[in-house]
Amino acid sequence: MAGTTTGTPTNVTQKHSKGGIGESMLRPDGTLKVTGEFAYSSDMWHEDMLWGQTLRSTVAHAEIVSIDTSEALAMDGVYAVLTSDDLPAVKNYGMEFQDTPVLAYGKVRHHGEPVALVAADHPETARRAAAKIKIEYRELPLITDEASATAPDAILVHENRDDHHSGHVPHPNIVHRQPIIRGNAAEAAKKADVIVKGEYTFGMQDQAFLGPESGLAVPAEDGGIDLYVATQWLHSDLKQIAPCLGLPEEKVRMTMSGVGGAFGGREDISMQILASVLALRTGKPVKMVYNRYESFFGHVHRHPAKLYYEHGATKDGKITHMKCKIVLDGGAYASSTASVVGNAASLSVGPYVIDDVEIEAIGLYSNNPPCGAMRGFGAVQACFAYEAQMDKLAAKLDMDPVELRQKNAMSQGTIMPTGQPVDAPAPVAELLRLVKARPLPPEQQWTTTEGSDVRALPGGLSNTTHGEGVVRGVGYAVGIKNVGFSEGFDDYSTAKIRLEVINGEAVALVHTAMAEVGQGGVTIHAQIARTELGVQQVTIHPADTQVGSAGSTSAGRQTYMTGGAIKNSCGLVREKVLEIGRRKFGSYHPAWANAELLLEGGKVVTDGGEVLADLVDVLEDEAVEIEEEWRHRPTQAFDLVTGQGNGHVQYAFAAHRAVVEVDTELGLVKVVELAVAQDVGKALNPLSVIGQIQGGTVQGLGVAVMEEIIVDPKTAKVRNPSFTDYLLPTILDTPTIPVDYLELADPNAPYGVRGIGEAPTLSSTPAVLAAIRNATGLELNKTPVRPEHLTGT
Amino acid sequence: MDFLRPASWEEALAAKAEHPTAVPIAGGTDVMVEINFDHRRPEYLLDLNRIGELSEWEVGEENVLLGASVPYSAIMENLRTELPGLALASHTVASPQIRNRGGVGGNLGTASPAGDAHPALLAADCEVEVESVRGSRLIPIDAFYTGVKRNALAADELIKRVHIKKADGPQQYSKVGTRNAMVIAVCAFGIALHPETRTVRTGIGSAAPTPIRAKAAEEFLNAALEEGGFWESRKIITPSIAKQFAELASGSANPIDDVRGTASYRRHAVGIMARRTLGWTWESYRGEGRSSIEGVA
């Protein structure tokens, strides 16, 4: 029923509307982006603006002995050189823990941490001035892994912790620990006929969004600041920025500017506070744009992980128990590590029914680069490991790997290790069936009448094989991902909807703070407004902080949450419109008394389709405007000892089958096909759904065969901060990606939708690994796979 | 930084004589990256883009005279027959945009062991025509690379063009990278059969401080082919010869461990590429081979 704000689903009362939900509407930013005309946050310009530049630490862990800025300050064109001492107010920020210095003071904790800041009238002047700042460091011992973090005499990355997890962690260098105990794994293990164990390593992946961190801070006359930035969550930024500027939140006015990709990497603050501090200090607008090198230090990455798993099964393939320990390296600052730990623990069992489990996940503080949110958020690392385990188990049981998975697949009604029942469809076995049922791509597709087409071979254009050494492999994987913010977080979104007559036509204005990071949210929002209000003209207001929070564009939650908020607010607008109509025209037709009136084609109609009035006549000069918050069902925290709790909002499932050709002599891989099946609940925009699934699949492929930030364990320094050496898949690395999607509505979600962006990133990686193992017979416990691993060199 | 824009080759030589520290720039695909990263801050940039003749080539009786600025895309399109190895190498250079800008002169000027053109130039055999106000000279490719990112140019000299021997037999080029396109070489291998002189020449990239030839492998193979009468008989090279050639090629490599690959993988991969490319070229020579389609542009 309209009016509720607690996320009780409202049924679709509105019928199909042209350009409404379910249609493959094209995105308004698509052509602009492809033709290079889209204005990104790095394209902004302001008269009289200065350029901001950071100076970052050259060492990973050190005391700052001294900073000398005099030479930099003396340069022509330099307006300000700031260190932590010059900051106006609070010196730390952070999403979950306020542990991150705006500028380092006392010590630096990772390679590339910002220490000083310059504003100059030219970017090159700013860079040169930054290079003239002299910093003396006294290096400290490094914490680089679990052993060094928890050693008895380990140096503490953060002393005097007072965050909400500090009281229960076993060691101050552990950000958070989440155990989950259900049943009795030790007892259940006795029933196992076979047991498999594995130790797995997941490399550090980067979001590698193409638009680097950038924005413009403009000081305002009221002493406040207007900040134009590309971010994933305006209001979360605002909460962190305002205290560091010493300003009340209403004096920090944020507007979203063009976002060039995010994938989790823009959930934390980057240059927002830095540019604002410089703008307040100099009284001039300040623009900051990180270059690619700096971008690798300017945002958090996906947590690298070590995962230890044990599974047992009876002879007939029924899994008896699972034990695992997952160690996630959070790096120098917490970012969202604690939440990633909760996710990894609660989803570590995978989409399987296993009653007896013993799970432990920890997140470390270390001197490695800080890690936080990235598409898949803790579930990716777990899926890589438990799916490798499934294949090992199948091999040991001499059973088909898909059959083993199907035999143990969860379904609606399954109880998660956290005790939470899965109360929406969970078609895990069916998704596996769908990918398996697809015909395999033809063998040796490189063979042509004129010889070998190297583009279809491992090595591609580098011309390394014409078929020699090439072996095909096929692998499967399936995963489970939570959708939305978990563990009792009070998550909501806000939508302000205005309906009025402009130039003789009813027009809807949709105003939210949702970050459009490329996922297609603005397209969906217009579709929802068309469906709910029965109008054609929908304007999307730029996202800013003049409207309530939309929450983060992450966790696959925006269509569910801000889509839900828009649907809800539109429903309230509809009620108001009908009220006005009843007031004006109620006496003309008895049907006005009917509760089931709809808005369609710019008219008020009965559900039989009889027109009662034009919206134009109902509204006349009156604008109907509603701003309302909307929430999903509440969730619960996980118990810190047992891990029990209804922690998640919704689950999403995807399965992949990978077909690869491996040059077994050179260790090069060509992924030929990655077939996907996914339950999307309801496809509000089918084209967009397929785009998300294919994009997630390719991002998973990247970390299977090439993407990794390499950190030198001896120095904790990043060795490959460039696109020359941090490789992303090109179109020649991208396979055919056939997609099957199911639309099994989640009864708790608006329209039955399910978050779709993350699940395909999970199973893609282990499917590719499984296929490479199938081709080579190698164990391959680490991702990404490198040629060295395949050739034993 | 001063930006010098000579309108002619003579002006360019005069500018280089006057400012020996000037860094020549043509496509800018290397120099600009260095400048953007602030790895170098030259006093002068010497822009060669107004000198049209640097982008021209001439196919002569014996040689192709390849202007230093002829872009890789032009080599791929126009010189496949005359310079098959270099055309294959060109195809592995970066992206189409970069191939439209970059040329062999840049690779030679930078003299990075990872430059894609070097193994093909070494295998084909060529001379680099360099000139200064003092005059011009031809530097044999074997004497061109003098150290890590160092070459035999004098401070006042500019690279004008390369005199590359026209192919008198099959040539091949392979490069290992951990991506299927647009990737810097982990290591690379070039081979050219020269039936006229009954020799085989090779080139190795990214597996030693400079681009090198696998001399021991060449000498072994030349002797084995001669001894077995393979050039005349065109019979299949015995696997043991191919294997030893590969092992010797691998042994000539002197690679390092770096972020792109380990030394032992590079040594291994050079051997595999040597064996495969020898197989492909020899099969072509035997007249029975099927040529590959190296990506239809």
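**Figure 1. Contact between chain B and chain A in the predicted model.** Chain B puts 35 residues into the contact, and chain A puts in 36 residues. On the chain B side, three elements each supply at least two residues: helix H4 (84-91), strand S11 (171-176) and helix H11 (263-285). H11(B) gives the largest share of that side, eight residues. By class, the side of chain B that touches chain A holds 15 nonpolar, 13 polar and seven charged residues.

**Figure 2. Domains of chain A.** Domain 1 of chain A combines residues 30-38 and 492-631. Domain 2 is built from 41-140, 212-259 and 266-298. Domain 3 takes 423-481 and 648-791. The centres of domain 1 and domain 2 of chain A, taken over C-alpha atoms, are 39 Å apart. Where these two domains touch, 15 residues of domain 1 of chain A are in contact with 15 residues of domain 2 of chain A. The domain 1 side of that contact has six nonpolar, seven polar and two charged residues.

**Figure 3. An annotated span in chain A.** An unreviewed UniProt entry annotates residues 35-141 of chain A as "domain: Aldehyde oxidase/xanthine dehydrogenase a/b hammerhead". In the model, the end C-alpha atoms of this span lie 50 Å apart. Helix accounts for 13% of the span and strand for 36%.

**Figure 4. Helices H6 and H7 of chain A.** H6(A) covers residues 234-245 and H7(A) covers residues 272-282. Their axes come within 10 Å and cross at roughly 35°. The crossing is right-handed. From H6(A), the contact uses A:Asp237, A:Ile241, A:Cys244 and A:Leu245. H7(A) answers with A:Gln272, A:Ile273, A:Ser276, A:Val277 and A:Leu280. Together the contact has six nonpolar, two polar and one charged residues.

**Figure 5. Helices H16 and H17 of chain A.** H16(A) runs over residues 686-705 and H17(A) over residues 759-776. The axes are 7 Å apart, at an angle of about 45°. H16(A) is therefore oblique to H17(A). The two helices make a right-handed crossing. H16(A) contributes A:Ile693, A:Gly696, A:Thr697, A:Gln699, A:Gly700, A:Leu701, A:Val703, A:Ala704 and A:Val705. H17(A) contributes A:Pro760, A:Thr761, A:Leu762, A:Ser764, A:Thr765, A:Val768 and A:Leu769. The class split is nine nonpolar, seven polar and no charged residues.

**Figure 6. Helices H10 and H17 of chain A.** H10(A) spans residues 379-397. Its axis lies 8 Å from that of H17(A), and the packing angle is about 35°. H10(A) passes H17(A) in a right-handed crossing. The H10(A) residues in the contact are A:Ala379, A:Val380, A:Cys383, A:Phe384, A:Glu387, A:Ala388 and A:Asp391. They meet A:Thr761, A:Leu762, A:Ser763, A:Thr765, A:Pro766, A:Leu769, A:Ala770 and A:Arg773 of H17(A). Nine nonpolar, three polar and three charged residues make up this contact.

**Figure 7. A cis peptide bond in chain A.** Most peptide bonds are trans. The bond joining A:Thr783 and A:Pro784 is cis, with omega about 0°. A:Pro784 sits in the loop between strand S33 (782-783) and helix H18 (787-791) of chain A.

**Figure 8. Domains and an annotated span of chain B.** Domain 1 of chain B comprises residues 1-48, and domain 2 comprises 194-285. Taken over C-alpha atoms, the centres of these domains are separated by 37 Å. The annotation "domain: FAD-binding PCMH-type", from an unreviewed UniProt entry, covers residues 1-169 of chain B. The end C-alpha atoms of the annotated span lie 47 Å apart. The span is 31% helix and 26% strand.

**Figure 9. A positive phi at B:Asp38.** Most residues other than glycine have a negative phi. B:Asp38 is not a glycine, yet its phi is positive, at about 60°. The residue B:Asp38 belongs to the loop between helix H2 (31-36) and strand S3 (44-47) of chain B.

Key:
Residues are numbered from 1 along each chain as its sequence is written. Chains are lettered from A and ligands numbered from 1 in the order in which they are written. This is a predicted model: local features need pLDDT of at least 70, side-chain atom pairs count only at pLDDT 80 or more; totals for chains, interfaces and linings use all residues. UniProt positions are given in the numbering used here, feature names are shortened, and annotations may be inferred rather than shown by experiment. Helices (H or I, at least four residues) and strands (E, at least two) are DSSP runs, numbered from the N terminus. Domain bounds come from an automatic or database domain assignment. Axes are lines fitted to C-alpha atoms, for helices over the stretch in contact, and angles run from 0 to 180 degrees between N-to-C directions. A crossing is left-handed if the near helix is turned anticlockwise from the far one by less than a right angle, and right-handed if clockwise. Two residues are in contact if their C-beta atoms, placed from the backbone, lie within 7 Å. Ala, Val, Leu, Ile, Met, Phe, Trp, Tyr, Cys and Pro count as nonpolar, Asp, Glu, Lys and Arg as charged, and the others, Gly among them, as polar. Angles under 35 degrees count as roughly parallel, over 145 as roughly antiparallel, 65 to 115 as roughly perpendicular and the rest as oblique.
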